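This report describes the structural features of a predicted model. The sequence and coordinates are shown first, and the account of sheets, cores, helices and salt bridges follows.

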Amino acid sequence: MRIEEDGDRVSASRQHLVFAYYVTGHGFGHATRVVEVVRHLILAGHDVHVVSAAPDFVFTSEVQSPRLFIRKVLLDCGAVQADALTVDRLASLEKYSETAVAPRASILATEIEWLNSIKADLVVSDVVPVACRAAADAGIRSVCVTNFSWDFIYAEYVMVAGNHHRSIVWQIAEDYSHCEFLIRLPGYCPMPAFRDVIDVPLVVRRLHKSRKEVRKELGIGEDVKLVIFNFGGQPAGWKLKEEYLPSGWLCLVCGASDKDELPPNFLRLAKDVYTPDLIAASDCMLGKIGYGTVSEALAFKLPFVFVRRDYFNEEPFLRNMLEYYQGGVEMIRRDLLTGHWLPYLERAISLKPCYEGGIDGGEVAARILQDTAIGKNYASDKFSGARRLRDAIVLGYQLQRAPGRDVCIPDWYANAENELGLRTGLPTIEMNDDSSLMNSCTEDFDILHGDVQGLSDTMNFLKSLVKLDAAYDSGKDTEKRKIRERVAAAGLFNWEEEIFVARAPGRLDVMGGIADYSGSLVLQMPIREACHVAVQRNHPSKQRLWKHAQARQHAKGQGPTPVLQIVSYGSELSNRGPTFDMDLSDFMDGDQPMSYEKAKKYFAQDPSQKWAAYVAGSILVLMTELGVRFEDSISMLVSSAVPEGKGVSSSASVEVASMSAIAAAHGLNISPRDLALLCQKVENHIVGAPCGVMDQMTSACGETNKLLAMICQPAEVVGHVEIPGHIRFWGIDSGIRHSVGGADYGSVRIGTFMGRKMIKSMAAAVLSRSLPSSNGISHYELEEEGGELLEAEASLDYLCNLAPHRYEALYAKMLPESMLGETFLERYADHNDSVTVIDHKRSYGVRANARHPIYENFRVKAFKALLTSAASDEQLTSLGELLYQCHYSYSDCGLGSDGTDRLVQLVQEMQHNKLSKFEDGTLYGSKITGGGSGGTVCVIGRNCLRSSQQILEIQQRYKGATGYLPLVIEGSSPGAGKFGYLRIRRRFPPKQSVVSLQSN
């Protein structure tokens, strides 16, 4: 149905409609599901023009009809993949810009003309953004049919590639908002750009042949176990070996190159083979998760052994749906590539997939599309998604709907949503009061060393250890409700042996922030939320190994060797694996510990397990820096309540708690300061994030209700500043994911070090011109004091040692606004920062980045002095003003964000409204924190009930404007040094339940 310029809708004939169906350029999966919808539209007597870059056979193998028209056009690129499992995030954004952004005007003109030429009645998109906009401009209604949208996928890429790419996300979402509604497929992600939603069953291609017919054609008997190897046609170059398969198994390989030689138990399938028939004829599938593979595995009740893809945000939702219906087994990428398949295949064929839902989504979707094309109105009068995009779409996987917003959310969706957007840490334990909880802990454990210090989160953690065996008893619970990380943890510890527990809090950056790496004074508050890590040492012969780890040891033909096994609660937040294991001997390179660079590559080879670098990296740093050797196996459980991606040092708390627990278990006495410096090495050199040391120092050295005062040159704690009783600090999360590994943080750091190098060079040049020449005449006459200052500035170690007035007098006007990396390297050779690398082709801001730490250091000193001054409204106003100045300086550096700016603006509105003035003020200032580019803002105000009410009001107003309810952080707790460690032993060791993990 077309929409005329006056707004009237012109109905089409039900007997013969024309559909333009746009298919995204990412892989074959979208094209294969489109086929089923197209088939039903054509069966109903309609013409369908498919716009796709997919090969013709994908469509013509299923639909042979003169009513099918195929137009080869690529209007988006999806995710650029280096191989079947690896997405190149920056290349994806660049390719999309090249494909869909640069030629946008031309694309729109061409598509509008073409849509009018075929007299399309309806435009359907799966899930090409520009198709929706072209349809709107052509006056034609449009509908999307999908389980995810590209704004959701690309949002995380922007976080890493830099916020200068975020206009891509906004444009994609705005394009989507022009469509009438979304036909949403099971396994869906949050898609806030769409105004209205209609849910349909699984869209699954029909079977052409029975299992028996397929096996007969292949010459394979029912006694042979058959696995179909399905990685989307991209695994060329992988070496498959005969010993990868157990005896009695055959493997059907999809997408193998004709050049690849396959072992006799691997059979190459033709490029145009009809895979649904082969899937249904197999005993299990081994591949990557996508809508096509998951939907067909569920429909045909086929167990699916999957390997995670990196950086594809749709995967957790599909994975949770697969596992909810007992159809999934996760294989570690390392075991895929090294051929340790046996335990996974055995586990898979023991499953009994139980999906009983509809599989006629293609027919249902086609009927809805037909009704829409003839004029039926499925859309409601809700607000347009375009009007809430700027803040509803938050970067990364924080895109989420509030619990309960949708009616009848299926369990698999709620589970995935919890993983991606909500805080996950300790299991919820309801207790009447702390004393009953403490009594329960002491009943369950002998505390041989240390004190829980009345901390309820520590008591909850100990209680969670007790419940590991009972809470997920495989005999009493249904398979689909098991949480894999809890199952893995239940078999982790030997309860007859001692366990060591450490605790480390996150931190709220009150003042200092990114000026830490420039040597600034910083003021940091350890927050109430913390990470707990439990560690147990065991002789290798006594460690309870997961089955795939056992298989790896047996394959080496050795006896028991030391193994590291880690379970991380809440690790699904980033679509990463909940467990990690490695042989500790892998840390050795000959008779020496491997280099940090090799370790960085080791952990980066499987991004779904890269999180383990924060934990296991502590072991390598202790080996390298302190000469420690680990002869025993190590089991670790990590449970963090520090919200991730909020800019409150979730990574530092994990590092500090991990190293503290490991050190305690091995009798190492490391001071809190030294431990923080060692943890910084983990993050800088093994994780590869160029952070300063203030996060680790606060987590290790902080004290309750005090601000840690530290001069970062490199880490001199100058005291703890008591927070006055009339002052309170809050953190409010913007929902925009922050990452110190992101491009914006790194580029600002590089620009800052460039500025320092230029200032040193300028000072040295002035000095050289002031020295006597060969004829004894100097070009400049300098006062003795001026010469000393220039000498100090020519050898400037930290920018913060340069006074603001010196910067303004001599250097500010001489620094460029920005400089190309290549130009800088030609002039100055190096920026002298060991943890960042200059990109020759990138332009870096210099002046604003260099100015920020110089002035920030001055602001922090003033803030510290004001905190100890007499309590007054002027005191609070001045403290708040310093926060505001810091916030806008971040923005000048390019580290601001829409969400954090909005929160700061809300604080200002609250501060300056008439009621606040009448009540002598309650909130006084706010600033972005940590590495910037999103995350949390710090707010300062009076410590009174009215202030807390205003914080809650800001929280609700932010939600009303963005659809996101921000987390409020308040309260303080001791650092790891003050907490020490607990050495505990279970009082009544339970009977060890037989919990074996075939996959984790």
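How many bridges join strand E13 to strand E14, and do the two run parallel or antiparallel? Strand E13 (residues 284-288) and strand E14 (residues 304-307) are joined by four bridges and run parallel. Within this pairing, Gly287 has Phe306 of E14 as its bridge partner.

**The open parallel sheet**

Strands E13 and E14 belong to an open sheet of six strands, ordered E12-E11-E10-E13-E14-E15 and paired in parallel. The edges are formed by strand E12 (266-268) and strand E15 (328-330), each of which pairs on one side only. From one strand to the next, the twist averages 25°. Helix H13 (residues 342-349) packs on this sheet, where it touches strand E10 (225-230), strand E11 (249-253), E13, E14 and E15. The direction of H13 makes about 165° with that of E15.

**Helix H11**

Helix H11 spans residues 315-324 and is mostly covered, with ten of its ten residues buried. The buried residues of H11 include nonpolar ones such as Phe317, Leu318, Met321 and Leu322, as well as Glu315, Arg319 and Glu323. After H11 comes Gln326, which has a positive phi, near 60°.

**Strand E23 and its partners**

Strand E23 (residues 633-640) is also mostly covered: eight of its eight residues are buried. In a regular strand, side chains alternate between the two faces of the sheet. In E23, Ser633, Ser635, Leu637 and Ser639 point one way, whereas Ile634, Met636, Val638 and Ser640 point the other way. Both sets are buried.

Two strands that pair with E23 are described here. Strand E18 (residues 521-538) runs antiparallel to E23 and is joined to it by eight bridges; in this pairing, His532 has Ser639 of E23 as its bridge partner. Strand E19 (residues 563-569) pairs with E23 in the parallel sense, over six bridges. There, the bridge partner of Val567 in E23 is Leu637.

**Nonpolar cores**

In soluble globular proteins, nonpolar side chains tend to be buried together. In this model, the largest nonpolar core has 67 residues, and those with the most contacts inside it are Phe19, Phe59, Ile183 and Leu369. Helix H1 (residues 29-43) gives the most to this core, contributing seven residues. Leaving aside neighbours within four places in sequence, Phe19 is in contact with several residues, among them Leu41, Val48, Leu122, Val124, Leu369 and Ala373. The contacts of Phe19 also include His46, Asp47, His49 and Gln370. Apart from the largest core lies another, of 61 residues, which includes Val522, Leu564, Leu584 and Leu678.

**Salt bridges**

A search of the whole structure finds 45 salt bridges. Three of them are listed below with their N to O distances.

| Acidic residue | Basic residue | N to O distance |
|---|---|---|
| Asp56 | Lys72 | 3.5 Å |
| Glu314 | Arg309 | 3.5 Å |
| Asp695 | Arg507 | 2.9 Å |

Asp56 and Lys72 meet through their side chains in a salt bridge. Because Asp56 lies in helix H2 (residues 56-60) and Lys72 in strand E5 (residues 68-72), this pair ties together parts that are 16 residues apart in sequence. Asp56 has a relative accessible area of 37% and is partly exposed.

By contrast, Arg309 and Glu314 are both buried. Asp695 and Arg507 are likewise both buried. The salt bridge between Asp695 and Arg507 links distant parts of the chain, with Asp695 in helix H26 (residues 694-701) and Arg507 in strand E17 (residues 499-511), 188 residues apart. Elsewhere, a network of salt bridges links Glu36, Arg39, Glu62 and Arg206.

**The surroundings of Pro129**

Is Pro129 buried or exposed? Pro129 has 0% relative accessibility and therefore counts as buried. The residue lies in helix H5 (residues 129-138). Not counting residues up to four places away in sequence, Pro129 touches Asp76, Tyr96, Trp150, Ile172, Asp175 and Tyr176. Pro129 and His178 are 49 residues apart in sequence, while their C-alpha atoms are 9.4 Å apart in space.

Methods:
Residues numbered from 1 in each chain as written. Predicted model: local features only at pLDDT ≥ 70, side-chain atom pairs only at ≥ 80, totals over all residues. Heavy atoms only, no water. Buried < 20%, exposed > 50% of the residue type's maximum accessible area, 1.4 Å probe, protein only. Contact = heavy atoms within 4.5 Å. Salt bridge = Lys/Arg side-chain N within 4 Å of Asp/Glu carboxyl O. Pairing = 2+ DSSP bridges. Axes fitted to C-alpha atoms, helices over the stretch in contact; angles between N-to-C directions. Core = buried A, V, L, I, M, F, W, Y, C linked by side-chain atoms within 4.5 Å.
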